[in-house]
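Biologist: I'd like a close look at just one part, chain C. Take me through how it is put together, from the big picture down to the odd spots in the backbone.

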Amino acid sequence: MTTATGLADARLRKKAKREGILQQAWTRRADYLYVLPAILVMLVVIAYPIYYTVDLSFFNTPPGLQLRDKVFVGLNNYVVILGSDVVWRVTVNTVIWTFFSTVFSFALGLGSALALHRDFAGRGVMRAILIIPWVVSAVAASYIWKWIYHSDFGVIGAVLVGLGLAAHPPNFIDSVSTVLPSLIVVNVWREFPFAMIMLMAGLQTVPEQLLRAAKVDGASAWQRFWHVTFPHLRGVSTVTILLLAVSNFNSFIIPWIMTGGGPSNASHIWITHIYELAFGRQRWGIASAYSVLLFLILMSLGYFYVRALSSGDRKERGA
Amino acid sequence: MTSMTNRVAPRKGKPLDVWRWVGRIFLVLMLLYTAVPMIWMLLTSIKSGFAAMQFPPQWWPNEPTLASYQRLLDPTNSVGQDFLRFFWNSLFVSTATTILAVIVAVPAAYAFSRFEFPGRNFLFFAVLLRNMFPAVIFLVPLFILMRLLGLVNTHGSLILTYLTFGLPLAIWLLKGFYDNIPYQLEQAARIDGATRFKAFMLIVMPLSAPGIIATAIYSFIGAWNEYIFAYTFLNRNDKLTLPVGIQRFFSENTTDFPGLMAASFMMSLPVVVLFLLLQRYFVRALTEGAVKH
Amino acid sequence: MAHVVLTDLVKTYGNFKAVNDVTLTVGDGEFVALVGPSGCGKTTTLNLIAGLIPITSGEIAIGDRVVNDVDPKDRDIAMVFQNYALYPQKSVYKNLAFPLQMRKLPRAEIDRKVKDAARVLDMTHLLERKPRELSGGQQQRVALGRALVRDPAVFLMDEPLSNLDAKLRVQMRSEIKRFHQDLKATIIYVTHDQLEAVTMADRMAVMKGGFLQQYDSPAQVFAHPVNMFVASFIGSPAMSLIPVEARTVDGRAVLTGAEGWTMALSPLNARKVRNSTTKKVVLGARHSTIKLHRNAMPDAIPAKAYTVEPTGDVTFVQALLSGATVNISVPPNVVVQPDEPIWLEFDQERLHLFDGETEIALMAD
């Protein structure tokens, strides 16, 4: 469906970039009214806090958050952070957590999407079941898995013992070496359906004629996937992986509820660490400095994020 | 979505059977991965506290009981009183957030889809960028702000933050819908005698109803499941929402796993049902922006 | 019904002029086609008349009222869109009723008008259907009906037939023409298909690059195109345009082609060629004005058949001449083989001559 006039109009208007921004802004001033409510709310709740976080990162503020008694310490908070051992531990954890959560969520999502793409009896039910974990609250999921991983009465431990694979139930989340992988399993459980949904929709855009042509040309199932299907999924995949990576990087609930970052920081990632510094130990200055660093990292990554997310938009407008 | 035919794998010959079986086995494994935790939650929730704490476990409860559910839903005991209050609080906060999000997101998404005003791209990028910053970054100053506004321990603090943090994706979802409504329909309406506003209300709004439904579900589920703000802004027992309430419940009853599982189940039930009923709108909206036609 | 007057109409987007000083008058009850290739400014012009986009300068008058700043809803116009723009959630009845409801007509009158329009367009049985349940032709008819119920001063149509298949297009073409004759309606019709313009319009405005090229009756535009663009755009197959050089041999004006052949000119054509600013001239001839000979003739130019396309009624032969492709139509019983030598005789009476530099048609005086 093309809106010929609308498109032509928009395209022509692009050529008008030089008309004088202010003049244009004035003539189209009514348009801003539509976005004004959204902008206002975001200014109050987002722009102001960013400013405030930067401000706080240069001060030591008393535990009770009495702002009148804060003491200017310059860059000291940043020096403390970069000199600490914990920051490296937490950074490594964050990278492992984000990378493996994203890779496995995407891989399982892709596999499920491909397996569900063909029609068979019960497909709809199957799809619905696979999507449910994504909707289940992360807090509930954390408790469910915590119970499943329970070191005395956990069902996985019991199965392993029952099959003779272990002498006694393993300590999945109380052991430094297994806690992070165990949490990633929970995270992937909640995240892969998202990748599945995105990729299922992506699969529908693969032109059937191309697949038929490839078949006529003698391509095997694998070759058809690799040469026809996969290239068509590239755009969706990029967006999906980015969204997954961002949301995994920003995870909080699963590690926080299940382990609180423990044992001995083995499952602390940046976000849980910042939260604990702020609301656990009331080290407001340090926590704010962490947030500013995080913000800077994300801003630089944000460039790619926005580009990937808006590229679909641009293509759709046929520019 | 449902009218798809076999596209990826061919129907005849040997190599295809291999892939078909790979697909089936994979699906069975995924089904186990997905469903077993949920089934175990349900099975545990109908055991007694004693039956749950056994090794090896009772795979199937010897004496199934709905005691945990009865306790949670009974307003005459303190546990039930709390749980029902948390439930009500969650319902109120999520509904209010949803209504406000739709009211704010609809005009914004429409403007982003239709108009080319200077700064339009910048504004949209700002909206998208917001989505990638974790809540934690904003938490300390927001807490101070809420304290300043006297909103700590009120549902207003949650509604305001949920609204803001949900808006970017809500606008993005809706914009995808507006992009797919031909502009000529509005032009036609304006020539037929409608003002710009009337054309929007009478022609565009009804057509974007699926998008609005999707945005509403998205906002509702997001608000219903949100934890970190609720955990930070609320500490009075009578104000807590379900995720924080359940956490508090568990920290006071560390061994009541049937009760915890029953609470988890009842907390998940409304959003799962809502989602399953309306998933086609939601899935469509989610993929609209990312998948080209 | 009313006349429409465009005066020095300009629409710019930054430095880009989409519509350039267009001045034209559409008479009361006249059917005018705006025709040109995509991007020529015809749709923009129509949208300017509709008021869907603001004009940069100039004046638009509908009837005797200047409507530059009048909202589309108050211009007393109706528009048929390329993809029909039927409201998908409304039934056919409600689609037809919508413009009347917007004008706050009493319910009974709306009902009467909708049913009248449905009867005229023979779609009474479709009234309860939704647009997606209709065929392309039926949707087209509803779009027309929605314009019709309004009884507007002017009908604007934006490529209304371009989404239909070929057979239906021919049928709807005659229906719209009939509709115009019955209603004595003022219609401004945008199309990229010159055939539609030629067959339906009282007058056609040929546009290119935002400029109005020629505004005249189809017969006049066909017979006397003002420049090479109009000449090649109107008529199918397109007029052959052969670059040649003007020379004087023994005191007589002749044209010579790249292959070395010469063509003698009639006195009138000789006068035209003398008015050219350069020696470069372009010779234009429609397929039906060239005679094909199988043997050498005194006034015929030697060439070679390149492709031969029998269509049933008539066979088209293409030949290469001076680097240009020349279309010739011959009766189907004349069988020419590709690469066969042929001789082409041009009808001096119906020859077109253009200035090779300015591309404007050469005049005798």
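Modeller: A bit of bookkeeping before we dig in: two strands count as paired if DSSP finds at least two bridges between them. Also keep in mind that this is a predicted model.

Let's begin with the overall layout. Chain C splits into domain 1, residues 4–230, and domain 2, residues 240–355. Go from the C-alpha centre of domain 1 of chain C to that of domain 2 of chain C and you cover 40 Å.

Next, the sheet. Six strands of chain C make an open sheet, and walking across it you meet them in the order β6-β7-β8-β3-β9-β10. The pairing in this sheet is mixed. At the two edges sit β6 (77–80) and β10 (211–216) of chain C, each of which pairs on one side only. Both of these edge strands fall within the bounds of domain 1 of chain C. As you step from one strand to the next, the twist averages 20°.

Zoom in on one neighbouring pair from that order, β8 and β3 of chain C. Strand β3(C) covers residues 31–35 and β8(C) covers residues 187–191. They run parallel, joined by five bridges. If you want a landmark to click on, try C:Val35: its bridge partner in β8(C) is C:Thr191. In general, strands of a sheet pair through backbone hydrogen bonds, either parallel or antiparallel.

Now follow the chain onward, past the end of domain 1 of chain C at residue 230 and before domain 2 of chain C starts at 240. Here you'll find C:Pro237, in the loop between α8 (228–233) and β11 (240–249) of chain C. The peptide bond leading into this proline from C:Ser236 is cis, with omega near -5°. Most peptide bonds are trans, so that one is worth a click.

Further along, inside the bounds of domain 2 of chain C, three strands are linked by two hairpins. The earlier hairpin pairs β16(C), residues 301–310, with β17(C), residues 315–321, in the antiparallel sense over five bridges. Right beside the turn, C:Pro310 has C:Thr315 of β17(C) as its bridge partner. Four residues lie between these strands, and C:Gly312 in this hairpin takes a positive phi near 110°.

From there β17(C) goes straight into another hairpin, this time with β18(C), residues 324–330, running antiparallel and joined by seven bridges. One of the pairs to look at is C:Val317 with its bridge partner C:Ile328 in β18(C). The turn has two residues between the strands, and C:Ser322, which sits in it, has a positive phi of about 55°. Most residues other than glycine have a negative phi. By that yardstick the serine turn deserves a second look, with its positive phi at C:Ser322.

Terms used
Residues numbered from 1 in each chain as written. Chains lettered and ligands numbered in written order. Predicted model: local features only at pLDDT ≥ 70, side-chain atom pairs only at ≥ 80, totals over all residues. Domains from an automatic or database assignment. Axes fitted to C-alpha atoms, helices over the stretch in contact; angles between N-to-C directions.
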